[in-house]
Amino acid sequence: MTTPPPTACPAWQQLGEEAARLRALSLSELFAQDRQRARDCTLAGAGLQLDFSRQRVDSRVLGLLVTLAAERGLPQWRAALYGGEPINVTEQRAVGHTALRAGDAAPGEVRATLARMRGLAQRLRGGGCWRRIVHLGTGGSVLGPQLVVDALGALDTDLEIAFAANIDPLDLGRALAGARPETTLFVVVSKTFTTEETLANARAARRWLGERDPASHFIAVTGNAPAARAFGAGEVLPLPDSIGGRFSLWSAVGLSALCAIGAERFDALLAGAREVDQHFAAAAPERNLPLLMALLGAWNVNFLGAATHAVLPYAHALRLLPAYLQQLEMESNGKCVDREGRALDYATAPVVWGAEGTVGQHSFHQLLHQGTQAVPADFIVAGVNAELDANAEAQADALAFGTADAPLPPYRRHPGNRPSSLIRLERIDALNLGRLLALYEHKVFAQGVIWNINSFDQWGVELGKALARRILSKGT
Ligand code: F6P
């Protein structure tokens with residue numbers, strides 16, 4: 001597949017011209033010009049709703065963005081993703097996370113691993129000797145399961161699920177607080193089984209167990225089974241090469257989440273993601289939610305000059321979502337060369353950050369409303385209660401429309417014209433969480449296609465690891 005830069009696409013060049021026009025138009029004017037805007041810019045798909053009426057676009061810009069997706073070869077790249085082609089070129093790997101939730105259509109080895117996970121979870125949840133599961137892993141080997149357990153809780157089980165990611169011993173110490181070695185099981189998750197943070201925690205856990213046989217206290221999830229066995233894990237679940245850490249929740253990496261929420265809800269999580277996979281594959285571009293999110297994000301970054309993007313879940317259950325999306329978006333698309341190795345002269349992923357609403361309203365929202373830079377935001381509304389939903393909408397309105405009322409002194413005026421989207425979930429449960437996470441996965445994939453970058457490698461994190469090893473070996 002040829003990979004010309006997006007800047008060579010006719011739609012990109014026309015979008016550049018449109019940006020000057022849109023910059024001069026306020027969101028208030030855009031709403032005044034089109035009385036149907038709120039309705040027309042609210043789309044449903046795969047059980048989710050996307051309201052992008054407060055984005056600084058009109059129908060002409062939207063049309064050009066959709067054309068840009070076609071000029072970038074989005075349908076071909078999407079077919080290559082679903083078809084298992086080696087689109088992760090720098091590592092010569094296919095990208096297999098959608099196959100993990102393909103249900104009956106999943107490859108045999110995926111179904112076999114899921115069956116093993118279910119069997120293990122049933123045994124661990126079944127009121128035997130285990131009281132606590134401590135999941136050891138970092139980055140993509142922990143963020144997804146931790147988010148699921150934090151969002152949905154440990155349901156119908158007395159098992160406590162704890163996580164340790166940091167090489168700072170305090171993290172493991174806290175995960176083990178109140179635990180007894182004889183009733184504690186460790187799930188060590190590391191694709192490479194070489195990540196120093198995870199191995200240091202696993203070694204500390206083994207010491208904490210004393211004379212006990214590690215084989216009965218350690219399960220490993222890894223693509224490096226020999227290293228996991230050499231460490232002493234009694235059970236080793238596979239993590240295929242084609243599954244990147246930040247896309248791995250749906251694989252055996254999700255074992256501790258499965259232990260927490262049970263097989264039925266884990267199946268619902270996969271089913272929610274599968275619905276979005278089908279939507280992304282089949283929905284028309286102008287109604288395709290992840291694609292639209294990708295295009296609007298690129299519009300904000302490349303044409304309106306946004307450098308950051310706020311994720312604002314209005315649900316305490318989703319408080320870990322910003323951290324999860326930081327890895328998903330920035331590790332995937334924080335790249336400065338394209339697929340051909342050419343240095344980029346256009347921006348890629350913005351800095352992703354955020355916190356749960358309404359908590360953030362009493363801290364950084366000041367900058368969102370009156371700071372000198374406009375920060376595009378996603379408000380995630382999950383029907384938790386009327387107060388949360390009303391606050392999310394109020395914040396989005398204040399950002400969009402501001403207030404310049406004449407009697408107000410300047411320091412009380414809100415400039416407005418700050419773009420945001422509202423993403424609505426019916427409720428917070430496994431099905432909707434699966435939908436939400438897959439929505440962002442496909443957004444990230446589509447942005448990688450627009451920007452002509454490989455979203456599936458992460459060479460940028462390697463140098464720091466090597467330097468830390470070198471510094472440590474010198475004893476400084
Ligand atoms: O350092 C970043 C990273 O390589 C992530 O990409 C990955 O999710 C994480 O570390 C953990 O790697 P592993 O699963 O091999 O321990």
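**View 1. The largest cavity of this predicted model.** About 90 Å³ of space lies inside this cavity. Eleven names make up its lining: Leu50, Gln55, Met293, Leu296, Gly297, Asn300, His309, Pro376, Asp378, Ser421 and Lys443. The protein holds 4 cavities of 30 Å³ or more.

**View 2. The ligand in the largest pocket.** The space that the ligand takes up is the largest pocket. Two domains meet the ligand here. Domain 1 covers 6–92 + 272–460, and domain 2 covers 107–261. Both give residues to the shell around the ligand, so the ligand lies between them.

**View 3. The shell around the ligand.** The ligand has 14 residues around it. Those that come nearest are Ser141, Ser190, Lys191, Thr192 and Thr195. By type, the shell splits into 10 polar residues, 3 charged and 1 nonpolar.

**View 4. Polar contacts to ligand oxygen atoms.** Two of the contacts shown involve the protein backbone. At Gly140, a polar backbone atom is 2.8 Å from an oxygen atom of the ligand. At Lys191, a backbone N or O atom also lies 2.8 Å from a ligand oxygen atom. Lys191 is also one of the residues that come nearest to the ligand. Glu331 uses its side chain instead: a polar atom there lies 3.0 Å from an oxygen atom of the ligand. Taken alone, the ligand exposes 400 Å², and the protein buries 87% of that.

Key:
Residues numbered from 1 in each chain as written. Predicted model: local features only at pLDDT ≥ 70, side-chain atom pairs only at ≥ 80, totals over all residues. Heavy atoms only, no water. Near = heavy atom within 4 Å. Polar contact = N/O pair within 3.5 Å; in protein donor to acceptor, adjacent residues only side chain to side chain. Areas by Shrake-Rupley, 256 points an atom, 1.4 Å probe, with all protein chains shown as cover. 1 Å grid on protein atoms, 1.4 Å probe; cavity = no way out; pocket = protein on both sides within 12 Å on 5 of 7 lines; lining within 4 Å. Sits in = over half its atoms within 2 Å of the grid points. Nonpolar A, V, L, I, M, F, W, Y, C, P; charged D, E, K, R; others polar. Domains from an automatic or database assignment. Points joined across faces, edges and corners; volume = space filled by probe spheres on them.
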